Amino acid sequence: SFGSQALVKDIVSGIFFIAEDAFRIGEYISTGSQQGTVEQIAIRSVRLRHHNGPIHTVPFGQISSVSNYSRDWGTIKFQLKFERESDPELIRKTAKKVGIAMLDDPEFGADLLVPLKMQGIQDITETSIVVRFKFTSLPGNPSIIKREALKRLISACKAAGLEFASNAVTVKSRGEMHDDAAAATMLQPLAPVASSA
């Protein structure tokens with residue numbers, strides 16, 4: 001009886017997912033617990049091929065929601081940390097140049113809907129300013145476009161004299177003693193104080 005109820009739930013849920021065109025063969029989706037490219041849609045389950053290779057068979061009745069990464073477009077956002085003295089306007093102009101160059105590139109331009117650009121300063125820390133960048137592209141190869149954008153952006157920023165933030169911690173003291181004689185005096189033990197009877 002319990003098995004029959006689960007079977008009916010899987011079949012009915014599958015009918016609604018298919019009727020609502022939630023996913024199709026070849027699309028990359030996430031069901032919350034599993035994700036991958038849809039390889040097969042069966043009567044009671046969907047088979048997903050994870051990008052690392054494993055196949056996941058997910059019963060329709062166990063799917064509460066579906067995220068489809070293969071429809072229409074996608075916006076990719078990422079952050080880079082620059083030295084606090086960096087000029088935000090120079091960063092913006094540098095990112096804009098990289099975005100325009102990628103639009104003109106025959107390999108990447110056709111997939112870009114909105115070119116790479118600086119979105120703004122996300123945060124300011126003790127050692128850096130955190131800048132967010134974004135672009136919008138057709139689904140399919142956003143990670144490839146992101147890697148290319150990062151490679152070009154890093155190269156362009158270095159050429160523009162923009163320094164990326166370091167994790168090194170700099171400790172500054174108020175003053176340093178460079179006089180060896182004075183240092184030696186400071187290291188001498190104090191003379192005992194004579195007690196008065």
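**Exercise 1. In this predicted model, determine which side chains are joined to that of Glu-27 by polar contacts, and whether Glu-27 is buried or exposed.**

Solution. Begin with the side chains of Glu-27 and Arg-71, which are joined by a polar contact of 2.6 Å. A further polar contact, of 2.7 Å, links the Glu-27 side chain to the side chain of Asn-68. Next, place the residue in the fold: Glu-27 sits in the loop that runs between α1 (2-19) and β1 (28-30). Then consider its surroundings: once the neighbours within four places in sequence are set aside, Glu-27 is in contact with Ala-22, Gly-36, Thr-37, Val-38, Asn-68, Ser-70 and Arg-71. Finally, the relative accessible area of Glu-27 is 8%, and because buried means under 20%, Glu-27 is classed as buried.

**Exercise 2. Work out the strand order of the open sheet of 5 strands, and state which strands stand at its edges.**

Solution. The order across the open sheet is β4-β3-β2-β1-β5, and the pairing is antiparallel. In this order the edges are taken by β4 (55-59) and β5 (67-68), each of which has a single partner strand, so one side of each is left without a neighbour in the sheet. To examine one pairing in more detail, take β1 and β2 (residues 35-41), which run antiparallel to one another and pair over 3 bridges. Within this part of the sheet, Ser-30 stands opposite Gln-35 of β2.

**Exercise 3. Establish in which strand Thr-136 lies, and which side chain is joined to that of Thr-136 by a polar contact.**

Solution. Thr-136 belongs to strand β8 (residues 128-137). Its relative accessibility is 11%, and Thr-136 therefore counts as buried. The side chain of Thr-136 is joined to that of Thr-75 by a polar contact of 3.0 Å. Beyond the neighbours within four places in sequence, the residues in contact with Thr-136 are Trp-73, Gly-74, Thr-75, Asp-111, Leu-112, Leu-113 and Val-114.

**Exercise 4. Identify the residues of the nonpolar surface patch that includes Leu-113, and describe the place and exposure of Leu-113.**

Solution. The patch is formed by Trp-73, Leu-113, Val-114 and Leu-138, which together have about 360 Å² of accessible area. Of these residues, Leu-113 is found in strand β7 (residues 112-124). With a relative accessible area of 45%, Leu-113 is partly exposed. The patch members Trp-73, Leu-113 and Val-114 are also among the contacts of Thr-136.

**Exercise 5. Describe the surroundings of Met-102, and state how far its C-alpha atom lies from that of Ile-145.**

Solution. Met-102 is part of helix α2 (residues 88-104), and its relative accessibility of 1% means that Met-102 counts as buried. Leaving out the neighbours within four places in sequence, Met-102 is in contact with Phe-108, Gly-109, Leu-112, Ile-145, Glu-148, Ala-149 and Arg-152. As for Ile-145, this residue is 43 residues from Met-102 along the chain, while the two C-alpha atoms are separated by 9.2 Å.

**Exercise 6. Summarise the whole protein: how many helices and strands does it have, and what share of its residues counts as buried?**

Solution. The protein has 4 helices and 8 strands, and from the N terminus on these elements run α-β-β-β-β-β-β-α-β-β-α-α. Of its 197 residues, 26% count as buried. The protein exposes about 13,400 Å², of which carbon and sulfur atoms supply 54%. Lastly, when contacts between residues at least 6 apart in sequence are considered, 58% of them join residues at least 24 apart.

Technical notes: Residues numbered from 1 in each chain as written. Predicted model: local features only at pLDDT ≥ 70, side-chain atom pairs only at ≥ 80, totals over all residues. Heavy atoms only, no water. Helix = DSSP H or I, 4+ residues; strand = E, 2+ residues; numbered from the N terminus. Buried < 20%, exposed > 50% of the residue type's maximum accessible area, 1.4 Å probe, protein only. Polar contact = N/O pair within 3.5 Å; in protein donor to acceptor, adjacent residues only side chain to side chain. Contact = heavy atoms within 4.5 Å. Pairing = 2+ DSSP bridges. Patch = residues over 30% accessible without salt bridge, like charges linked within 9 Å, V, L, I, M, F, W, Y side chains within 5 Å. Areas by Shrake-Rupley, 256 points an atom, 1.4 Å probe, with all protein chains shown as cover. Salt bridge = Lys/Arg side-chain N within 4 Å of Asp/Glu carboxyl O.
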